[in-house]
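Hello,

Here is the structure I promised to pass on to you. Have a look at it first, and then read on for what turned up.

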Amino acid sequence: MFSRQLFEINTDTGTQVQTGMNFSGAIMQVRWVPTTADTGADLSMTLLPNDSDTGDGWQFASYADSLGSQFTKAPTQPMHLSDGDAAGSDPDTQPGVPIVAAGDRIKVEVVPGGAAVAGRLYVWTAD
């Protein structure tokens, strides 16, 4: 079963942070659709396993100067070896594996580059 979370972004000078609902499953893809855009805006996404958000979060995506036009991405983490270490992080040579949640939340943070940025960030997940 698939689900979708929507983050409505609308800020001009200050950092905007939103936290989504709890979900379990894999993050399949994200899609940004701007309505007003500042090409200098940065986007980061963090998985929060702790409801009180006390620093246990894991930033799984960071896109600098990226919110000026539409994009679709499928964030992954590196494949891991049998000893648990990451096999590599080059997405062109090392296939990634899904980012998985178990009752976690997604935190979205947008830092504008000084001008207005507004749009919708969709996150699709699979159970």
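Please keep in mind that this is a predicted model. A good place to begin is with the rings: the structure holds three aromatic pairs. If you wonder how such pairs are described, people give the distance of the centres and the angle of the planes. Another ring to look for is that of Phe71, because the charged end of Lys73 sits over it, with 5.3 Å to the ring centre, inside the 6 Å cut-off for this kind of arrangement.

Now zoom out to the whole chain. How many helices and strands does it have? There are zero helices and 10 strands, so the pattern along the sequence reads β-β-β-β-β-β-β-β-β-β. The radius of gyration is 15 Å, close to the 14 Å that the globule rule gives for 127 residues, and the chain is therefore as compact as a globular protein of that length. If you drew a box around the C-alpha atoms along the principal axes, it would be roughly 45 × 35 × 30 Å.

Contacts tell you how the chain comes together. Take those between residues at least 6 apart in sequence: 75% of them join residues at least 24 apart. As for the surface, the chain exposes about 6,800 Å², and carbon and sulfur atoms supply 48% of that.

Next, the inside. Of the 127 residues, 36% count as buried. The largest nonpolar core has 23 residues, and Leu43, Met45, Ile106, Val108 and Leu121 are the ones with the most contacts inside it. Strands E1, E3, E4, E5, E9 and E10 each supply at least two residues of this core, and the largest share, five residues, comes from E9.

Which residues does Leu121 contact, once its neighbours within four places in sequence are left aside? Among them are Leu6, Phe7, Val30 and Trp32, as well as Leu43, Met45 and Val108. Its contacts also include Gln5 and Arg31.

Last, try finding Pro49, in the loop between E4 and E5. Is Pro49 buried or exposed? Neither label fits: its relative accessibility is 46%, which lies between the 20% and 50% cut-offs, so Pro49 counts as partly exposed. Not counting residues up to four places away in sequence, Pro49 touches Asp56, Gly57 and Asp104. Thr76 is 27 residues from Pro49 in sequence, and their C-alpha atoms are 17 Å apart in space.

Enjoy exploring!

Best wishes

Note on methods:
Residues are numbered from 1 along each chain as its sequence is written. This is a predicted model: local features need pLDDT of at least 70, side-chain atom pairs count only at pLDDT 80 or more; totals for chains, interfaces and linings use all residues. Side-chain values use heavy atoms; hydrogens and water are left out. Rings of Phe, Tyr and Trp (its six-membered ring) pair if their centres lie within 6.5 Å; planes under 30 degrees apart count as stacked, over 60 as edge-to-face and the rest as tilted. A charge sits over a ring if NZ of Lys or CZ of Arg is within 6 Å of the ring centre and within 35 degrees of the ring normal. Helices (H or I, at least four residues) and strands (E, at least two) are DSSP runs, numbered from the N terminus. The radius of gyration is taken over C-alpha atoms; the globule rule is 2.2 Å times the number of residues to the power 0.38. Buried means under 20% relative accessible area, exposed over 50%, partly exposed in between (1.4 Å probe, protein chains only). Contact means heavy atoms within 4.5 Å. Accessible areas come from the Shrake-Rupley method with a 1.4 Å probe; for residues, only the protein chains shown count as cover. A nonpolar core is a set of buried Ala, Val, Leu, Ile, Met, Phe, Trp, Tyr and Cys residues joined through side-chain atoms within 4.5 Å.
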